[in-house]
2 protein chains.
Amino acid sequence: MPNEKRPPFAENVTADDVAIAAGVSRWTVNRAFRKDASISPKSLQKVMVAAERLGYLPDLRAASLASDRSNLVALLIDDFANPHKLVMMERLTRILRREGWDILLVNTLNRDDAGHALLNASQRRVDAVILIGIQFDDDVLETALQARRFRKLIVFARSSENPNTISIAVDDVGAMTELARYVHRRGYRRPLFLAGPQSYSAHLLRKETFLEYWGKHFSFRPESVTVPAYDPALAGTIVMETLSHRGPSDLPDVIVCENDALAMGASDVIRHKLGLEIPKDIAITGFDDVPQADNPNYRLTTYRQPLTEMVEYLVKVLADPEERDLNRLFTGRLIPRHSA
Amino acid sequence: MPNEKRPPFAENVTADDVAIAAGVSRWTVNRAFRKDASISPKSLQKVMVAAERLGYLPDLRAASLASDRSNLVALLIDDFANPHKLVMMERLTRILRREGWDILLVNTLNRDDAGHALLNASQRRVDAVILIGIQFDDDVLETALQARRFRKLIVFARSSENPNTISIAVDDVGAMTELARYVHRRGYRRPLFLAGPQSYSAHLLRKETFLEYWGKHFSFRPESVTVPAYDPALAGTIVMETLSHRGPSDLPDVIVCENDALAMGASDVIRHKLGLEIPKDIAITGFDDVPQADNPNYRLTTYRQPLTEMVEYLVKVLADPEERDLNRLFTGRLIPRHSA
DNA sequence: TCTACATTTGCTCGCGCGAGCAAGAAAAAT
DNA sequence: ATTTTTCTTGCTCGCGCGAGCAAATGTAGA
């Protein structure tokens with residue numbers, strides 16, 4: 001072998017180059033980089049030394065093309081105003097990467113765009129699509145499933161009744177029942193439910209659970225208000241519109257919110273615009289336990305989803321070759337803080 | 001042509017299938033999906049009709065492999081505690097997608113992991129890598145550039161003096177000078193600078209600019225404190241440690257923060273733990289203008305980076321074939337609010 | 001109508017790797 | 001030592017597409 005001195009990390013080093021340098025065949029080189037392949041320790045060593053020296057790394061596009069597994073998942077997200085998304089992304093990216101999955105991030109602009117986003121992802125032949133968002137109603141899921149170029153469609157952090165999707169979510173009924181019971185026991189009697197956009201039926205789960213609980217125990221259905229986006233500022237505006245013209249006796253004594261984003265928006269206007277005190281004048285509960293919920297401005301009583309556990313389950317789902325029912329609901333934990 | 005009735009969106013429809021259905025060659029089919037290719041309107045029409053019927057979409061892995069352009073960029077992010085990241089991601093994902101770029105999202109866990117993350121991305125043969133984070137010091141950039149399997153290394157929202165990277169950032173010196181002048185003119189005289197982790201020299205720019213401005217006008221160098229992460233809670237802790245044992249006359253009259261995340265953390269402890277009023281007792285300024293800066297709890301005087309403009313420039317950089325100096329600094333806008 | 005030129009189409013070859021098989025080497029059993 | 005079994009290696013072929021050229025088709029001018 002001549003004492004060739006090529007620069008380290010030259011452009012476009014291919015398995016053939018490494019094969020020549022290591023004195024083995026091209027296939028042995030590729031095998032060295034696959035953990036399932038059978039290769040002798042000696043060849044592995046030789047290949048790795050040569051690869052290191054030449055700066056070789058397998059081309060995952062080619063590997064994917066040849067094997068029809070991309071180790072890529074698409075992450076479709078549509079709601080960047082909700083701080084909870086940042087938490088979910090952090091958890092997902094960290095754990096999926098640890099397990100060898102790469103993530104294609106797609107910002108789904110709006111409901112009509114969801115289909116395009118899906119097709120977009122399918123052109124990269126992703127192995128799975130993870131949906132985190134609010135605009136993925138049944139129609140969207142249906143078109144998504146028709147363009148089946150990916151094996152799995154996972155709806156994360158939302159329950160879905162579509163039989164062809166895998167839903168990994170918190171048990172909304174259980175969670176909201178726990179919250180309702182908490183609010184009940186703390187002595188609140190005039191609740192207002194603040195709901196998010198109700199684009200499909202699963203979104204109604206928290207609201208319905210709460211209203212039914214209350215109906216059962218007090219034989220009246222509490223008032224509820226809908227915010228057309230999970231946007232704190234917008235939630236504030238809506239709450240303001242709803243409450244600003246009421247006398248003190250007409251005000252709710254607790255606002256139960258579908259999530260923390262809404263709760264924080266409500267909290268802001270209650271304190272700063274209506275000049276009321278939380279929880280003395282009006283109490284507030286949220287859902288998700290975003291980092292800001294613990295902030296001294298909010299001290300939000302909320303419900304924490306077991307995100308890590310859910311993502312750990314997600315990676316199992318991704319690895320699962322079988323076609324069976326993989327839906328799963330998780331139980332989280334009520335986090336009592338100052339706001340209620 | 002037989003009246004074959006295959007199900008729409010069958011699995012693995014390839015260009016050959018469409019070619020047969022449309023009565024053209026395989027290459028004409030692929031050409032129909034490339035906007036630069038020359039193809040007659042008639043064939044285009046035929047191909048598109050057949051493709052639509054069969055549910056065909058080109059395989060971007062194969063296209064990438066054959067053309068050596070992936071239309072993929074890797075987005076390396078390391079700091080999910082800062083809400084500004086969410087804003088940047090929203091802007092980047094939206095605009096890049098509009099321009100036909102897909103995004104590989106990589107969570108860079110820590111400084112040592114940055115190299116791995118880079119190699120990870122390079123295995124997908126991304127066309128460019130965008131770095132948004134704090135842990136990308138010169139060493140990391142250097143190793144990144146050695147493993148040059150991507151054409152461009154873009155440091156976004158941070159200036160970088162590395163000659164081989166493209167830096168798209170706000171003009172920190174100009175911005176901080178404007179902020180310093182504002183603080184100066186508003187009559188504050190005992191500033192404290194709250195800095196983030198100083199992993200490499202560009203991070204010192206805002207701090208140094210402020211301290212020098214003050215030194216020039218008042219011939220003393222203001223006090224400064226360092227927070228080891230851009231984490232609001234941690235910033236609060238550090239501010240608390242620094243100020244809690246001081247008498248009123250020893251307190252700063254303004255805290256100038258390197259960014260909003262730090263400013264919000266500082267604001268929280270000043271109001272809720274020290275029981276002081278903002279801006280009466282202590283004023284605060286931030287940097288970035290995150291959505292929460294406008295929140296009634298903060299009303300933060302801050303500096304808004306022209307993010308959209310910066311991302312629009314980024315897409316131009318991505319499309320630019322030339323090898324020339326593409327670094328650019330942008331000028332933002334001071335947003336005066338209540339906090340200072 | 002014929003030539004000159006532009007546009008469109010088809011084709012060969014290769015991008016870098018993996019599946020799966022056959023040949024070869026090594027280990028275990030007889 | 002010989003046979004059997006197991007492990008390792010090399011190989012053919014194909015994944016789906018694009019570069020770039022050659023052939024075919026179309027268009028304009030004389």
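A residue counts as near a strand if one of its heavy atoms lies within 4 Å of it, and helices are DSSP runs of at least four residues, numbered from the N terminus. With these terms, the largest share of the surface near DNA strand D, four residues, comes from α4(B). The model described here is predicted. It holds protein chains A and B, which bury about 5200 Å² between them, and DNA strands C and D, with 24 residues surrounding strand C and 25 residues around strand D.

**Symmetry of the two protein chains**

- A turn of 180 degrees, with a shift of 0.0 Å along the axis, lays chain A on chain B with an RMSD of 0.1 Å.
- This is the relation of a two-fold axis.
- L104(A) has the C-alpha of chain A that is nearest the axis, at 2.3 Å from it.
- The copies meet through the same surface, because 100% of the interface residues of chain A are also interface residues in chain B.

**Interface between chain A and chain B**

- The contact draws 55 residues from chain A and 55 residues from chain B.
- Of the buried area of about 5200 Å², 51% is on carbon and sulfur atoms.
- Three arginines, R61(A), R97(A) and R124(A), supply 17% of the area that chain A buries against chain B, which is more than any other three residues supply.
- Between chain A and chain B there are 38 residue pairs in polar contact, counted with both residues at pLDDT 80 or more.
- On the side of chain A that touches chain B, the elements giving two or more residues are α4, α5 (84-98), β2 (102-107), α6 (113-123) and α11 (260-272) of chain A.
- Helix α6(A) gives the most to this side of chain A, with seven residues.
- By class, the residues on the side of chain A that touches chain B comprise 22 nonpolar, 18 polar and 15 charged.

**Salt bridges**

- Eight salt bridges are counted between chain A and chain B.
- One salt bridge joins the side chains of R125(A) and D59(B), at 3.6 Å from N to O.
- Over all chains, a search of the whole structure finds 42 salt bridges.
- The pair of R125(A) and D59(B) crosses between chains: R125(A) is in the loop between α6 and β3 (128-132) of chain A, and D59(B) is in the loop between α3 (41-54) and α4 of chain B.

**Surroundings of DNA strand C**

- The closest of the 24 residues that surround DNA strand C are Y56(A), S25(B), T28(B), R31(B) and S43(B).
- Among the atoms of DNA strand C that come within 4 Å of the protein, sugar and phosphate account for 59%.
- Polar backbone atoms of chain A approach phosphate oxygens of DNA strand C at two residues: A15(A), at 3.0 Å, and D59(A), at 3.1 Å.
- From chain B, an N or O atom in the side chain of T28(B) is 2.6 Å from a phosphate oxygen of DNA strand C.
- Helices α2 (26-32) and α4 (60-67) of chain A, together with α2 (26-32) and α4 (60-67) of chain B, each supply at least two residues of the surface near DNA strand C.
- Helix α4(A) gives the most to that surface, with four residues.
- The surface near DNA strand C has 11 nonpolar, nine polar and four charged residues.

**Surroundings of DNA strand D**

- Of the 25 residues around DNA strand D, those that come nearest are S25(A), T28(A), R31(A), S43(A) and Y56(B).
- Sugar and phosphate make up 59% of the atoms of DNA strand D that come within 4 Å of the protein.
- A base oxygen of DNA strand D is 3.1 Å from an N or O atom in the side chain of W27(A).
- Phosphate oxygens of DNA strand D are approached by polar side-chain atoms of S38(A), at 3.5 Å, and of R34(B), at 3.1 Å.
- The elements that give two or more residues to the surface near DNA strand D are α2 and α4 of chain A together with α2 and α4 of chain B.
- The surface near DNA strand D consists of 12 nonpolar, nine polar and four charged residues.

Key
Residues numbered from 1 in each chain as written. Chains lettered and ligands numbered in written order. Predicted model: local features only at pLDDT ≥ 70, side-chain atom pairs only at ≥ 80, totals over all residues. Heavy atoms only, no water. Least-squares fit on C-alpha atoms with pLDDT ≥ 70 in both. Contact = heavy atoms within 4.5 Å. Polar contact = N/O pair within 3.5 Å; in protein donor to acceptor, adjacent residues only side chain to side chain. Nonpolar A, V, L, I, M, F, W, Y, C, P; charged D, E, K, R; others polar. Buried area = accessible area lost by both parts, 1.4 Å probe. Salt bridge = Lys/Arg side-chain N within 4 Å of Asp/Glu carboxyl O.
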